[in-house]
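Hi everyone, thanks for coming. Could you bring up the sequence and the structure on your screens? I'll walk you through it piece by piece.

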Amino acid sequence: MIYRTTRPLPRSRGLLSILLAARFLSPSTSVAAMASPPPASIKVYYYDFAFWRAECVRMGLFMGGVPFEDVRDVKPAEMKASGKLTFGALPIMDVDGKTLSQTQAMAVYAAKVAGIQPDDPWDAAKVDECISGCTDVTDTIAKTFRLSDEEKVKAREELCAEGGRLRMHLGGLEKICSENGDCGYAVGESISVADLAIWRLVGWMASGKLDGIPKDYVETTFPSLSKLVASVDSNEKVQEW
């Protein structure tokens with residue numbers, strides 16, 4: 001199904017919509033950085049579920065009031081035949097007829113268009129660091145998917161244990177949040193695409209669909225990540241989404 005998650009605005013009102021979105025943005029984001037109007041057409045292609053790799057892109061655009069088409073009725077064979085799968089996988093973005101792929105590139109692009117990407121080079125790099133950390137977590141879990149049910153549970157339990165690789169990766173994200181003042185955000189003092197990525201990643205891990213990973217694993221082991229999740233949960237635009 002193809003639908004618009006936000007009502008398209010006339011091009012003449014593009015700047016106004018961006019400025020109005022500023023109430024949700026980081027103080028480090030300048031008006032100058034938001035001054036460029038969004039592209040005429042943005043489409044995000046992914047399946048109909050809220051996996052973090054696509055959801056942080058979708059929500060990043062939504063947070064800034066940027067109109068886009070959320071294409072969820074995707075057929076892999078058709079997508080491959082279209083030539084849009086640059087690296088052979090989803091999600092991808094179509095921006096004015098041009099293709100963008102890879103989660104980090106799409107998330108940062110969406111954040112810049114939406115006006116929620118920090119201008120400060122250090123803060124921007126920390127956003128990148130968080131998204132890379134989410135990818136590390138995902139890749140670590142993904143390596144267990146082809147194991148038998150019994151082997152899968154055992155492997156994931158070991159990953160979660162003290163000294164396990166999953167615990168290490170999540171500990172890295174925890175450290176970033178803690179060093180940011182444990183304020184409920186990963187970077188700065190207001191929501192960024194890094195928070196959206198971590199929020200949905202934790203939601204996936206707490207879904208109960210990953211046998212061997214307790215639903216409350218993050219909640220009981222990583223207090224700063226839990227605080228971030230609560231902060232994102234309470235965001236007005238997130239609740240609207």
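Let's begin with β4 and strand β5 (residues 98-101), which run antiparallel and are joined by four bridges. Please keep in mind as we go that this is a predicted model. Which residue in β5 is the bridge partner of D94? That would be T99. The two strands form a hairpin with two residues between them, and in this hairpin D96 takes a positive phi near 50°.

Now look at β4 from either side. Are its faces covered or open? Both are covered: I92 and D94 sit on one side, M93 and V95 on the other, and all of them are buried.

β4 also has a partner in β2. Strand β2 (residues 42-45) and strand β4 (residues 92-95) pair in the antiparallel sense, over four bridges. If you want to find the register on your screen, I42 stands opposite V95 in β4, and V44 stands opposite M93.

From β2 we can go on to strand β3 (residues 69-71). These two strands run parallel, and three bridges join them. Here V44 turns up again, with D70 as its bridge partner in β3. To get from β2 to β3, the chain passes through helix α3 (residues 52-63), and this β-α-β crossover is right-handed.

Let's stay with that helix for a moment. Does the length of α3 agree or disagree with what its residue count suggests? At 1.5 Å a residue, its twelve residues should span 16 Å, and the end C-alpha atoms are 15 Å apart, so the two agree. As for cover, twelve of the twelve residues of α3 are buried. The buried residues include W52, R53, E55 and R58, as well as V57, L61 and F62. Just after the helix, G65 takes a positive phi of about 70°.

Back to the strands, and on past the end of β3. R72 is in the loop between β3 and α4 (76-82). With a relative accessible area of 14%, R72 falls under the 20% cut-off, so this arginine counts as buried. What does its side chain contact? The R72 side chain makes a polar contact with the side chain of D70, at 2.9 Å. That is the D70 we met a minute ago as the bridge partner of V44.

Next, the nonpolar interior. The largest nonpolar core has 67 residues, and L166, L170, L173, I198 and M205 are those with the most contacts inside it. Helix α9 (residues 193-205) supplies the largest share of this core, ten residues. To get a feel for the packing, click on L173: leaving aside residues up to four places away in sequence, it touches C130, G133, C134, V137, I198, L201 and L225.

While we are in α9, have a look at V202, which is found in that helix. Its relative accessible area is 9%, and V202 is therefore buried. Beyond its sequence neighbours up to four places away, V202 touches V218 and V229. And here is a link back to α3: V202 and W52 are 150 residues apart in sequence, yet 8.8 Å apart in space, C-alpha to C-alpha.

Two more residues for you to click on. The place of V187 is in the loop between α8 (165-179) and α9. Is V187 buried or exposed? At 5% relative accessibility, it counts as buried. Apart from residues up to four places away, V187 touches P118, D123, K126, V127, C130, N180, S192 and D195. C130 is also among the residues that L173 touches.

The other is T140, in helix α6 (residues 121-142). T140 has a relative accessible area of 7%, so it is buried. Its side chain reaches the backbone oxygen of D136 at 3.0 Å. Further along the sequence, T140 touches L159, R165, L166 and H169, and L166 is one of the core residues I listed earlier.

Finally, let's zoom out. The protein chain has twelve helices and five strands. Of its 241 residues, 50% count as buried. And among contacts between residues at least 6 apart in sequence, 72% join residues at least 24 apart.

That's my tour. Thanks for listening, and I'm happy to go back to any part of it.

Definitions and conventions
Residues are numbered from 1 along each chain as its sequence is written. This is a predicted model: local features need pLDDT of at least 70, side-chain atom pairs count only at pLDDT 80 or more; totals for chains, interfaces and linings use all residues. Side-chain values use heavy atoms; hydrogens and water are left out. A nonpolar core is a set of buried Ala, Val, Leu, Ile, Met, Phe, Trp, Tyr and Cys residues joined through side-chain atoms within 4.5 Å. Buried means under 20% relative accessible area, exposed over 50%, partly exposed in between (1.4 Å probe, protein chains only). Contact means heavy atoms within 4.5 Å. Two strands pair if DSSP finds at least two bridges between them. A crossover is right-handed if, with the strands pointing away from the viewer, the path from the first strand over the helix to the second runs clockwise. A polar contact is a pair of N or O atoms within 3.5 Å; within protein, one must be able to donate a hydrogen and the other to accept it, and residues adjacent in sequence count only if both atoms are side-chain atoms. The expected span of a helix is 1.5 Å times one less than its number of residues.
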